[in-house]
Amino acid sequence: MKPSGIRIVIGVVGVASALVAAASCSASRQGVVVAEKGGTATADLAVAPAGAACLEISVTGSGTTVTQGFDLAPEANTTFYLSGLPLGSVLFSALAYNVACTDAGAAPQAPATWLSNQVSATLSQGVVVDVTLQMVPANSDAGGANVAVNFPHCAPTIAEFDVLTAGASPLDITTGADANLWFTEFAASKIGQISIGGTVHEFPVAPDAGGGPDAIEPFAIAAGPDGNVWFTEVSAGSIGKITPAGAVSSYLIPSKNGGPFGITAGPSDNMWFTENNSNRIGAASLGGSFQEFPEPSAYHPPVAIAAGSDGNLWYTDSEGNVDRMTPAGSFRSFTVPGIAAFADAATPGTGESYGIAAGPDGNIWFTERFANFIGKITPAGMITEFPIPSVNSQPYGIAAGPDGNLWFTEQAANNIGVISPASGMIAEYPIPTGGSSPAGLTAGPDGNLWFAESGGVGKIGRVTPYATCTDASVPAASCVAVSNGIFIVDAVNGVDSTGTGSGISTAGTTPSCAVKTITRATQLAGSPTTPVTIEILAGATTLGAATGEVFPITLPANTTLALSPDAGPVTISVPSGENGFLMTSGASAIQGNVGAPLSIVGNAAVTDAGYVGGYSGVEIYGNITSASLANVTITGFLDDGLNVESGSVTIGPGFEANGNGVSKSGTDGMYVGGSSTNVTVTGSALAPSTFNGNTGLGIYWGGGSLSITGSVATVDAGVFSGTVETNGNGGSGIELAQGQATITGLLSFGNSQYGMYTDYVGPTYLTGLTVRGSTFLGNGLSGLEVEVLDYSGNSGASNLSPLNFGTSATGAGAGGNVFQAPLGQGNNSAAGICLALYASGTATPLQAEGNQFQQGSCETLSTVLFVNPANCANNCPHSSGGVCDVGFSVPAPDGGATDGGIPDGGGVIVSNCSL
């Protein structure tokens, strides 16, 4: 018999911890377990071994053995609980039986049919341990089963201690070599010291030569390699030093008014600091000599600084970047996407990245003060951002904690936050004193976190990460991890802080394992290498900032956002001035249901005068390989509904980009740029795809290859129908500027300008256009306008060979397009097709056979050449005087002889024929 592998996940959390699944809620795990204090855990058996009915797990440590048996559901997921596990060094082992456990939960009195080896592990709070047990049938080959053990903390406790000087505004804090905490008092120009027991001392900073104490303003502080504590004096332009005994020294930096800001111990036993005013990085030796390195960017005022595990200096700046400098002075800057999307160039400071710290995972972590993210950057420069649950929390300081997590302060929200580097999950804990405005924080010598409260309250705070959990606070059940790559979003019952996205709850008293937001689901999905789906459950009909979403939402590669099959229409409300979704890498998709679309609604409220650009429903760009959108509605955005810059994109059926360009004229339903794009648009009778009612164009095409495929657009007694539509737009229905396009079954009706427009046909512009079975009626100008004008002053032929509107009167070669209709059926105000050509040279014949042209005229254009109509003969059953009676309009040149059989001044040719 072949062995069956099992995967078990064990974890422990306590009450009220928003980090319940901090290290075990990822999609890579088969189960997540949470239970009670100390050595209590739960486990999830993904699939029982074939034939096994009872599983017995033994954990031995500290002189005791905990053995518990659990009944198994054959070939099904089974959740069970372990209790009383010893902390410290333990041994895991397991047995399985082909008969059920006894009533008392013990193993049956029968020989084990499965057994495992013994595996050692160390169980400690806050540490995730992965153990592999090799379980095999007693008489067969080995197979594997993973066991993961997790002991995260219970809810922390926060204590506060008063400083001695009222209004001192403690700003930053560090741990000294003397095992005390040292902090800056910005407003009082003092350095404070607090013991781990809460005893406070203060030491005045000597005034500089030019002013009193208020001209100094000690700002950031860091422990030095010499046993002293070093700090910046932002207004005095100095670097300060204080000994454990309280003796203070000060050293002026070379750059006058440089504004020394952040400081850290770093390479070469120097104290490295930022100069916010002079745009430099400084290095202070322990003897007080200086070296300065100008930031190469014209304006990247550096803020906070930290030494990375890669041996380099990392710092934040006021322009939305994280920057890296080698000790030799080589610079590189990395733009932070969330800040770049948020920052307002007209409002100084909104582009600021702020606190920064080296993490236990080898990466650099930082705060995005106004964009409301915690950011992570790898030594190679890859950035990941994690939204903070509290809106506008203004994260400030950040530090690695003794528990392996990153802790940070939230000045505006008055919280202490913590983020797991393993999962990106964030928990927040309120500070007891309101308005404390927490700023800098540090890991203390006592295993706690200490922070400065810069508000008027004048306090130093202490966070104890591991409080005591009581059995009464044990959650009744637990969440299991995502399986089959499906993350569940439930805007009503989901919980971002503890949910795994699995949507499974084992007891009614436990919050749903679904997460509340798409934002959180994308974090849990991470960067999947195999396809995953983020599925929105039926329930709340509107998601958005009010439900915790943070925009723009970036869909990871290999990720599909979809509605559950039973979900009705769902609206995602995007705040004014924000993009809705970004699709930037790999393959991703957004999928609604037939008759129940997923609507992405902008709330554009900016006039033309205040417009700053870039607000679209969905933007597709970067390293995207493929993207698709079906049964999706995009409306109400200030800019384009859909903006495509790269990749292969499939649109429809049931896609709508209608009513965009609100409060801003000239924006489009879909804007496509970039020569590498490949876009396919489809529609169906049940789910047409439409680009209607936008202030600019329905579709602007400036890309590589466009294919529109719909059913033949029809007109019957003034009633128009199509499965792909570009109707009622403020400009033209569709404008083609570059690349090549094949269009079948398009209805372009009632646009203010043209049904379709192209302004140049040539090798570097529109290289090919084929149109079949499409209708262009009721437009304010012509149904189709082709302008091949000599804007450069060069003469030459009007090359119409890339245009193909029909090659024969009937059959497969017939165009089957309607460019003009009988009177009363929505004619274009000008011509069916209007050609504006070079004023010199010879036009190549236009292929336009087997179409309908009736009742046309054209606006006056000058200095153009007539088209040769020889290839149009089969559009109508008759001709006159060698001239084909077609619904073409070709403006006549001023003066000159006849050309192409059309007399000078003829210009407009109209027929009343039909196919």
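The legends below describe close-up views of a predicted model.

**View 1. The open four-stranded sheet formed by S16, S17, S18 and S19.**
In this part of the predicted model, 4 strands are arranged in the order S16-S17-S18-S19, and their pairing is antiparallel. Strand S16 (218–223) and strand S19 (248–252) occupy the edges, and because each has a single partner strand, one side of each is left without a neighbour in the sheet. Averaged over the sheet and with direction ignored, neighbouring strands are turned by 25° against each other. At one edge, S16 is joined by 4 bridges to strand S17, which spans residues 229–233 and runs antiparallel to S16. Within this pairing, Ile221 has Phe231 of S17 as its bridge partner.

**View 2. Strand S46 and its parallel pairing with S44 and with S48.**
Strand S46, made up of residues 598–602, is mostly covered, with 4 of its 5 residues buried. Strand S44 (residues 570–574) pairs with S46 in the parallel sense over 5 bridges, and in this pairing Ile572 has Ile600 of S46 as its bridge partner. S46 also pairs in the parallel sense with strand S48 (residues 632–635), here over 4 bridges, and Ser599 stands opposite Thr633 in S48. In a regular strand, side chains alternate between the two faces of the sheet.

**View 3. The surroundings of Thr409 in strand S33.**
Thr409 belongs to strand S33, which covers residues 406–410, and it counts as buried because its relative accessibility is 0%. A polar atom of the Thr409 side chain lies 3.0 Å from the backbone nitrogen of Gly397, and a polar atom of that side chain lies 2.6 Å from the backbone oxygen of Ala439. When neighbours within four places in sequence are left aside, the residues in contact with Thr409 include Gln394, Pro395, Tyr396 and Gly397, together with Asn415 and Ile416, and also Pro438, Ala439, Leu441 and Phe451.

**View 4. The enclosed helix H2 and the glycine just after it.**
Helix H2 runs over residues 518–525, and 8 of its 8 residues are buried, so the helix is largely enclosed by the rest of the structure. The buried residues comprise Ile518, Ala521, Leu524 and Ala525 along with Thr519, Arg520, Thr522 and Gln523. Just after H2, Gly526 takes a positive phi of about 65°.

**View 5. The salt bridge between Asp162 and Lys459.**
The model holds 2 salt bridges, and one of them joins Asp162 to Lys459, with the closest N and O atoms 2.6 Å apart. This pair links distant parts of the chain, since Asp162 lies in strand S11 (residues 157–162) and Lys459 in strand S38 (residues 459–464), 297 residues apart. Lys459 has a relative accessibility of 16% and therefore counts as buried.

**View 6. The salt bridge between Lys190 and Glu202.**
The side chains of Lys190 and Glu202 meet in a salt bridge with an N to O distance of 3.6 Å. Lys190 is in strand S14 (residues 190–194) and Glu202 is in strand S15 (residues 200–204), the two residues being 12 residues apart. What is the relative accessible area of each partner? Lys190, at 21%, is partly exposed, whereas Glu202, at 17%, is buried; the cut-off for buried is under 20% relative accessible area.

Conventions
Residues are numbered from 1 along each chain as its sequence is written. This is a predicted model: local features need pLDDT of at least 70, side-chain atom pairs count only at pLDDT 80 or more; totals for chains, interfaces and linings use all residues. Side-chain values use heavy atoms; hydrogens and water are left out. Two strands pair if DSSP finds at least two bridges between them. Axes are lines fitted to C-alpha atoms, for helices over the stretch in contact, and angles run from 0 to 180 degrees between N-to-C directions. Buried means under 20% relative accessible area, exposed over 50%, partly exposed in between (1.4 Å probe, protein chains only). A polar contact is a pair of N or O atoms within 3.5 Å; within protein, one must be able to donate a hydrogen and the other to accept it, and residues adjacent in sequence count only if both atoms are side-chain atoms. Contact means heavy atoms within 4.5 Å. A salt bridge is a side-chain nitrogen of Lys or Arg within 4 Å of a carboxyl oxygen of Asp or Glu.
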